[in-house]
Amino acid sequence: MENSGNPQEMTVPPVEGVAGGGTAYGWSDGVVHPSNSLKGSTDPTEVPSADLLHVWCMPSTANVGPQEMPRPLEHVTLLAARNERESVQIAMRPKVSWGGSGGAVQVQCSDLCSPSGDRLVVGESLKLRRVVSILGVPDALVPLDLPVSQISLLPGETTAIWVSIDVPSTQPPGQYEGELIITATKADAESRAKCLGKAERRQLYSELKNFLEIVEPIDGKPLDEVVERVKSATTTLRSIFQSPSFCEFFSDGHPVDMMDEDAISDLSVRMKLSLTVWDFVLPLTPSLPAVFGISDTVIEDRFGVEHGTDEWYEALDHHFKWLLQYRISPYFCRWGDGMRVLTYTCPWPAHHPKSDEYFSDPRLAAYAVPYSQVVPGGAEKDYLQREIETLKTKTHWKKAYFYLWDEPLNLEHFDNIRNMACEVQAYARDARILTTYYSGPSDAPLASNNFEAFVKVPKFLRPHTQIYCTSEWVFGNREDLVKDIIAELQPENGEEWWTYVCMGPSDPHPNWHLGMRGTQHRAVMWRVWKEGGTGFLYWGANCYEKATVPSAEVCFRRGLPPGDGVLFYPGEVYSTSHEPVASVRLERILSGLQDIEYLKLYASRYGKEEGVALLERTGVYMGPERYTLEHMSIDMMRGEIFNAFRC
């Protein structure tokens with residue numbers, strides 16, 4: 001994106017968890033100050049839209065809140081590999097009000113086309129979502145209709161649209177261009193131009209189908225029958241056109257002329273979108289397993305599905321498939337006594353055909369195998385043995401792990417892990433046990449201080465854990481402490497070091513709390529790559545407070561930082577759609593995971609040290625308290641990698 005950096009210094013200190021934290025408030029350079037130079041008419045059918053509203057672009061790492069001030073209009077220039085998603089934001093703010101409170105705008109997007117005729121199609125590769133604030137912070141991304149959508153703007157407030165471009169892995173490299181067309185419209189026109197609901201679409205479908213059934217079978221029919229069929233079809237069409245769905249095109253019974261293309265060109269704001277697609281293809285299977293929890297009890301409560309029913313399986317299946325697009329390997333979870341946790345990626349047992357479908361999906365980098373039956377019933381006694389014996393014959397067994405206990409705190413917890421791990425490994429010696437922790441056992445000190453006890457956990461748990469998953473909170477800003485953990489591991493025996501974030505670390509360290517800076521969200525994965533972790537875990541993506549209605553307001557759990565454990569929202573909260581609504585933070589997680597693939601590519605040619613040097617040289621990431629606040633540094637890093645490999 002042209003001039004996408006944020007070189008301005010923040011004049012408002014970031015406050016974690018509130019709207020001021022990590023937003024663009026306080027930027028001064030480049031701001032377009034509101035002007036009241038418009039005189040006379042504010043009729044959007046007569047006045048250029050540029051006279052009625054500001055339109056400008058912002059990078060995906062900017063938190064564009066209602067008080068974001070306008071900037072100059074610039075064209076958007078993006079770079080993406082194949083099998084990558086790249087995003088940008090379009091901000092709008094009324095200069096004056098027209099046709100009521102604020103004003104209404106029509107947003108239209110074209111396909112992106114290359115000189116050779118290849119296309120990235122709107123609605124398939126290119127999608128628009130409106131950025132909606134949660135607790136005053138821009139976070140929820142609510143889908144807009146395509147290729148044309150109408151939205152309302154409020155006076156004195158900025159509205160942002162999140163533009164995402166998904167480049168298929170088979171897309172020919174090249175330069176692709178298109179445009180966004182933003183047109184101010186009359187507010188009353190917007191109120192009439194309601195999007196068709198499902199019931200209206202069904203009715204319209206039924207009537208059009210009836211029309212075809214009337215007119216299609218006329219070949220060889222007598223003339224009088226043809227005439228009758230045409231009359232009947234005419235009546236059907238007239239009833240369709242006179243329905244409320246088309247009322248906006250009629251005034252006093254006469255059709256209203258729509259604005260022609262020349263008028264749109266004269267009055268609309270046109271923003272050019274330019275995308276360079278390069279030859280690198282992001283691997284279908286993520287290089288870094290990023291396993292994220294989904295609470296099955298939250299799904300059961302909110303959507304009213306009973307555990308083990310067909311509706312329950314359908315709901316879990318829907319969530320699983322939706323999250324795969326984010327390069328995430330989902331697992332479902334429920335907590336038991338203490339911090340014992342039942343985790344499973346597939347709700348069906350190992351012998352079910354759906355099991356192979358889930359575990360063989362190349363987008364899935366790792367999967368959790370349940371220690372006990374997910375849906376009680378049948379022969380529970382030998383359940384674990386049968387599951388393992390079935391799975392270990394599969395080629396995807398290397399993806400499997402067992403997550404048995406979350407953050408053990410005392411000897412009893414650690415002993416439970418040992419006992420459960422012994423049972424698992426009795427059936428498969430190569431089974432991988434994952435244990436999350438941030439300390440050693442409190443009632444059996446392993447060393448003279450807490451950190452040394454934390455470092456000694458691998459020796460204490462061996463051989464009953466293979467994936468040692470530690471909290472980033474423990475390290476604080478001491479990157480040098482990482483080597484102490486790594487030195488304790490035995491990679492030659494299959495031991496790995498993963499990390500996780502939860503309530504901590506807090507600001508200014510990288511995490512995914514609401515109100516943190518956009519680069520702070522993205523920096524979580526930069527940190528993982530630089531420190532050398534081989535996997536990542538996040539405890540929950542849908543852990544809202546309990547609700548029993550799908551459309552109930554989403555409330556964050558008490559005692560947790562805002563946004564902790566919540567990365568997407570139920571679609572029913574915002575519309576009749578059942579599709580989950582992604583958060584801005586989830587999109588930035590995807591961007592961070594894609595950055596890892598870029599860095600891995602660079603390191604494959606120049607070595608890991610040079611990859612780390614690139615991170616630091618471009619100013620992207622130096623440490624947990626020293627990372628870029630500007631998007632320009634990210635563009636520089638990606639650009640250097642692109643230039644290194646395009647020849």
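**Exercise 1. The salt bridge of Arg 327**

Task: In this predicted model, determine which residue forms a salt bridge with Arg 327, and where in the chain the two partners lie.

Solution.
Step 1. The partner is Glu 597, and the closest N and O atoms of the pair are 3.0 Å apart. A salt bridge requires a side-chain nitrogen of Lys or Arg within 4 Å of a carboxyl oxygen of Asp or Glu, so the pair qualifies.
Step 2. Arg 327 is located in the loop between H7 and strand E16 (329–335), whereas Glu 597 belongs to helix H15; the pair therefore ties together parts that are 270 residues apart in sequence.
Step 3. Both Arg 327 and Glu 597 are buried.

**Exercise 2. Classifying two further salt bridges**

Task: For the salt bridges Asp 166 with Arg 85 and Lys 530 with Glu 479, state where each residue lies and decide whether it is buried, partly exposed or exposed.

Solution.
Step 1. The cut-offs are needed here: buried means under 20% relative accessible area, exposed means over 50%, and partly exposed is in between.
Step 2. The side chains of Asp 166 and Arg 85 meet at 2.7 Å, N to O. Asp 166 is in strand E10 (residues 159–167) and Arg 85 in strand E3 (residues 84–94), so that distant parts of the chain, 81 residues apart, are linked.
Step 3. Asp 166 has a relative accessible area of 21% and is therefore partly exposed. Arg 85, with 8%, is buried.
Step 4. In the pair of Lys 530 and Glu 479, the closest N and O atoms are 3.2 Å apart. Lys 530 lies in helix H14 (residues 518–531), and Glu 479 lies in the loop between strand E21 (467–471) and helix H13 (482–488); the pair thus ties together parts that are 51 residues apart in sequence.
Step 5. Lys 530 has a relative accessible area of 15% and is therefore buried. Glu 479, at 22%, counts as partly exposed.
Step 6. The wider setting may now be added. The structure holds 33 salt bridges, and a network of salt bridges links Glu 84, Glu 86, Arg 522, Asp 595 and Arg 638.

**Exercise 3. The surroundings of Arg 129**

Task: Determine which side chains make polar contacts with that of Arg 129, and whether this residue is buried or exposed.

Solution.
Step 1. Arg 129 is part of strand E7 (residues 126–134).
Step 2. Its relative accessible area is 10%, and it is therefore buried.
Step 3. The side chain of Arg 129 makes a polar contact of 2.9 Å with that of Ser 164. A polar contact of 3.0 Å joins the side chain of Arg 129 to that of Glu 587.
Step 4. Leaving aside neighbours within four places in sequence, the residues in contact with Arg 129 include Arg 85, Leu 141, Trp 162, Tyr 326 and Ala 582. Arg 85 has already appeared as the salt-bridge partner of Asp 166.

**Exercise 4. A buried serine**

Task: Locate Ser 274, and explain why it counts as buried.

Solution.
Step 1. Ser 274 is found in strand E14 (residues 269–281).
Step 2. Its relative accessibility is 9%, so it counts as buried.
Step 3. The side chains of Ser 274 and Gln 175 are joined by a polar contact of 2.6 Å.
Step 4. Beyond neighbours within four places in sequence, Ser 274 is in contact with Val 76, Thr 77, Leu 78, Gln 175, Tyr 176 and Glu 177.

**Exercise 5. The nonpolar cores**

Task: Identify the residues that touch the most other members of the largest nonpolar core, and the helix that supplies the largest share of this core.

Solution.
Step 1. The core has 129 residues; those touching the most other members are Trp 278, Phe 402, Trp 512, Phe 536, Leu 586 and Ile 641.
Step 2. Helix H15 (residues 584–606) supplies the largest share, 10 residues.
Step 3. Another core, of 36 residues, lies apart from this one; among its members are Cys 57, Val 76, Leu 120 and Val 163.
Step 4. Trp 278 serves as an example: with neighbours within four places in sequence left aside, its contacts include Leu 79, Pro 173, Tyr 598, Leu 601, Ile 641 and Phe 645.

**Exercise 6. The length of helix H7**

Task: Compare the expected span of helix H7 (residues 310–324) with the distance between its end C-alpha atoms.

Solution.
Step 1. The helix has 15 residues, and at 1.5 Å a residue it should span 21 Å, because the expected span is 1.5 Å times one less than the number of residues.
Step 2. The end C-alpha atoms are 22 Å apart, which agrees.
Step 3. The buried residues of H7 include Trp 312, Asp 317, His 319 and Trp 322.

How values were computed:
Residues numbered from 1 in each chain as written. Predicted model: local features only at pLDDT ≥ 70, side-chain atom pairs only at ≥ 80, totals over all residues. Heavy atoms only, no water. Core = buried A, V, L, I, M, F, W, Y, C linked by side-chain atoms within 4.5 Å. Buried < 20%, exposed > 50% of the residue type's maximum accessible area, 1.4 Å probe, protein only. Helix = DSSP H or I, 4+ residues; strand = E, 2+ residues; numbered from the N terminus. Contact = heavy atoms within 4.5 Å. Polar contact = N/O pair within 3.5 Å; in protein donor to acceptor, adjacent residues only side chain to side chain.
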